[in-house]
Amino acid sequence: MSGYYYYYYSGCQDQCDAHYLDACSLCRKSLHNSDIFMYRGNTPFCSKECREEQIEIDEAREKNRRSGRSLRKSDAQNSATNKTVRTGTVAVA
């Protein structure tokens with residue numbers, strides 16, 4: 001196996017550019033030496049307030065996405081039932 005090199009991740013956080021636990025995901029405040037409030041498994045926040053604000057933002061997006069999807073379905077159903085098909089001969093000179 002000459003020519004092949006094997007590397008493994010050794011947790012080289014001092015060599016990595018930015019770690020996801022360095023700053024709050026919402027306000028970008030530093031998280032060093034402070035409590036960290038997590039959301040959805042791997043999203044860090046500096047306070048309960050920032051976390052709650054993100055939860056509200058996500059819920060609003062989900063609500064808009066769901067309502068947008070239902071509107072599109074109803075629009076598609078309405079447009080399909082209201083379509084007029086014209087048949088005939090067209091002559092172009």
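**A chat about helix α1, its salt bridges and the core**

Visitor: Is Arg61 buried or exposed?
Guide: Buried means under 20% relative accessible area and exposed over 50%, with partly exposed in between (1.4 Å probe, protein chains only). The relative accessibility of Arg61 is 55%, so this residue counts as exposed.

Visitor: What pLDDT do local features need here?
Guide: Residues are numbered from 1 along each chain as its sequence is written, and side-chain values use heavy atoms, leaving out hydrogens and water. This is a predicted model, in which side-chain atom pairs count only at pLDDT 80 or more, totals for chains, interfaces and linings use all residues, and local features need a pLDDT of at least 70.

Visitor: What is the mean pLDDT of the protein chain?
Guide: pLDDT is the predictor's confidence in each residue, from 0 to 100. Over residues 5–17 it stays under 50, and the model has two contacts (heavy atoms within 4.5 Å) beyond four places in sequence for them. In the protein chain, 55% of the residues reach 70 or more, and the mean pLDDT is 75.

Visitor: Which residue forms a salt bridge with Asp58, with the closest N and O atoms 4.0 Å apart, and lies in the loop between β1 and β2?
Guide: A salt bridge is a side-chain nitrogen of Lys or Arg within 4 Å of a carboxyl oxygen of Asp or Glu. Asp58 forms one with Arg40, the closest N and O atoms being 4.0 Å apart. Asp58 lies in helix α1 and its partner in the loop between β1 and β2 (43–45), so the pair ties together parts that are 18 residues apart in sequence. With a relative accessible area of 13%, Asp58 is buried, while the exposed partner, at 61%, is Arg40.

Visitor: Which residues are linked with Asp58 in a network of salt bridges?
Guide: The side chains of Asp58 and Arg61 also meet in a salt bridge (4.0 Å, N to O). Both lie in helix α1, three residues apart, about one turn of the helix. Linked with Asp58 in the network are Arg40 and Arg61.

Visitor: How many salt bridges does the structure hold?
Guide: Another of them joins the side chains of Glu62 and Arg65 (2.5 Å, N to O). Glu62 is partly exposed at 26%, and Arg65 counts as partly exposed at 38%. For salt bridges, the structure's count is four.

Visitor: Which elements give two or more residues to the largest nonpolar core?
Guide: A nonpolar core is a set of buried Ala, Val, Leu, Ile, Met, Phe, Trp, Tyr and Cys residues joined through side-chain atoms within 4.5 Å. The largest has eight residues, among them Leu31, Tyr39, Phe45 and Ile55. Helices (H or I, at least four residues) and strands (E, at least two) are DSSP runs, numbered from the N terminus. The elements giving two or more residues are β1 (37–39) and α1.

Visitor: At what angle do the ring planes of Tyr39 and Phe45 lie?
Guide: Rings of Phe, Tyr and Trp (its six-membered ring) pair if their centres lie within 6.5 Å; planes under 30 degrees apart count as stacked, over 60 as edge-to-face and the rest as tilted. By this rule there is one aromatic pair. The ring centres of Tyr39 and Phe45 are 6.3 Å apart, and the pair is tilted because the planes lie at 55°.

Visitor: What is the relative accessible area of Phe45?
Guide: Tyr39 counts as buried at 14% relative accessibility. Phe45 is buried too, and its relative accessible area is 0%.
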